[in-house]
Amino acid sequence: MGGHVSRRHALSYARVIRTPGVLPALLSVYAGALPFGILNLALLLFVRQRTGSIEVGGIVIAGFGLGNAVGLIVQGRSLDRGAPRWTIGGAGLLCTCMLVVSALCAPPSVPAPFYVALVGVAGASVPAVTTFVRSSLPALVADADERASAYALLAVLFQAAVATGPLLVSCTLLFAGPMTAILGAAGAVLVATGACLLAAGGLRTPRRAPSARAGGRARLSAGLRTVVSVGACVGIATGLTSVAVPAAAIAHGHSVISGLAFGALAIGDLCGGMVVGGRLGRAWPVTARLEWSLLAAAIVSTLAAAATSRPILLVPLLFLGGVIGAPVGITLSTLLDHVVDRRHLAGAYAMLVSAGLAAAAGGSALAGSAVGVAGPAGLLLCGGAVLVVADVWAIARRHTFVGDPDD
């Protein structure tokens, strides 16, 4: 029986990939996510190399994340109006230029506030490839089970790219500096822009009318507020971790470990995403997946805090955190289909991602200023506490998820 179910889900993945327009779109998601895997770590290490301060590096990646949050909202609204080529193409070219400039000049050559603003513009102009593809999938994939498989594939490819990014940074550090990694991210943005523009022709399918279940819901429905607030809490924990892990590695003279740890986190997220899209994930109610995954991620964050004195242990711990935390992002994305109508799906997805990015930016800035006092362990403990708060909030607001997400 188990083998039969596994084959059924494998066939579901195969049918999704064979759907016209889906495979090029999913590949463009991989290319579009690669810069995210590279830039957070590369910018942090680049600024620390130039200034000797990890605190300034934390503020810089916070500026990048905050800019990305704002840019996603603007691009999401533009995509809802049906202008993918101009939106993605214009943003991609601007982002490439800004990243090249940011690699060629950094503090102390330029004032730190100017550099933060420059990186913020680069973040705002990262093309919203994943948002575009996510909002287009419901119109391309009619079957509910296949649609869930498509969301899982999207999340897996995104995490595969995010996993590759830190590993590329670590490899780059063996023969060059973090500036080279930033220039590589600029090239990845250019490739992603071209890939998405090629895929856009296959994704321009007519939008279906909103379903009766979702048609009357406002964009800022109670369910959407719940989804976005949980995503923001996860973003804060992510921001704290993005500074805590490199700080622990640098404190022990092994900065390369930070790239390995973040790569392990993303690989774990990738593996967990495949499980969520398969038999085990379908066996759990969606809300249960969200609640238990948040709790488990909080526990792993606490264990990671205890391991900061031996940074190499962060690699397997972050892998474990990725595996058990993967359902959070996939579930929040899936719930959007039930709390907004499809006319506003791109904007709602952009809102969810933007909330997470803005919160991660705030977490990074806070971590950068507090790492000297709290230390890496304290930052990770705070991240675990934030995830517990998110879990309690999700349980208390379970009633706001209208309909049965599993149908």
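**Note on an all-helical predicted model**

1. Glu291 counts as buried, with a relative accessibility of 10%, a value that falls under the 20% limit applied to buried residues. The model in which this residue sits is a predicted one, and the points below should be read with that in mind.

2. The side chain of Glu291 meets that of Arg398 in a salt bridge, with a separation of 2.9 Å from N to O. Arg398, for its part, has a relative accessibility of 40% and therefore counts as partly exposed, so that the bridge joins a buried glutamate to a partly exposed arginine. Side chains of opposite charge can pair when their charged atoms come close.

3. As to where the two partners lie, Glu291 belongs to helix H12, which spans residues 286-306, whereas Arg398 is found in the segment after helix H14 (345-396), and the pair therefore ties together parts of the chain that are 107 residues apart in sequence. The structure holds one salt bridge.

4. On secondary structure, the protein chain has 14 helices and zero strands, and the order of its elements from the N terminus is accordingly α-α-α-α-α-α-α-α-α-α-α-α-α-α.

5. With regard to burial and surface, 57% of the 407 residues of the protein chain count as buried, while the chain exposes about 15,800 Å², of which carbon and sulfur atoms supply 71%.

6. Finally, among contacts in the protein chain with a separation of 6 or more, 86% are accounted for by residues 24 or more positions apart.

Notes. Residues are numbered from 1 along each chain as its sequence is written. This is a predicted model: local features need pLDDT of at least 70, side-chain atom pairs count only at pLDDT 80 or more; totals for chains, interfaces and linings use all residues. Side-chain values use heavy atoms; hydrogens and water are left out. Helices (H or I, at least four residues) and strands (E, at least two) are DSSP runs, numbered from the N terminus. Buried means under 20% relative accessible area, exposed over 50%, partly exposed in between (1.4 Å probe, protein chains only). Contact means heavy atoms within 4.5 Å. Accessible areas come from the Shrake-Rupley method with a 1.4 Å probe; for residues, only the protein chains shown count as cover. A salt bridge is a side-chain nitrogen of Lys or Arg within 4 Å of a carboxyl oxygen of Asp or Glu.
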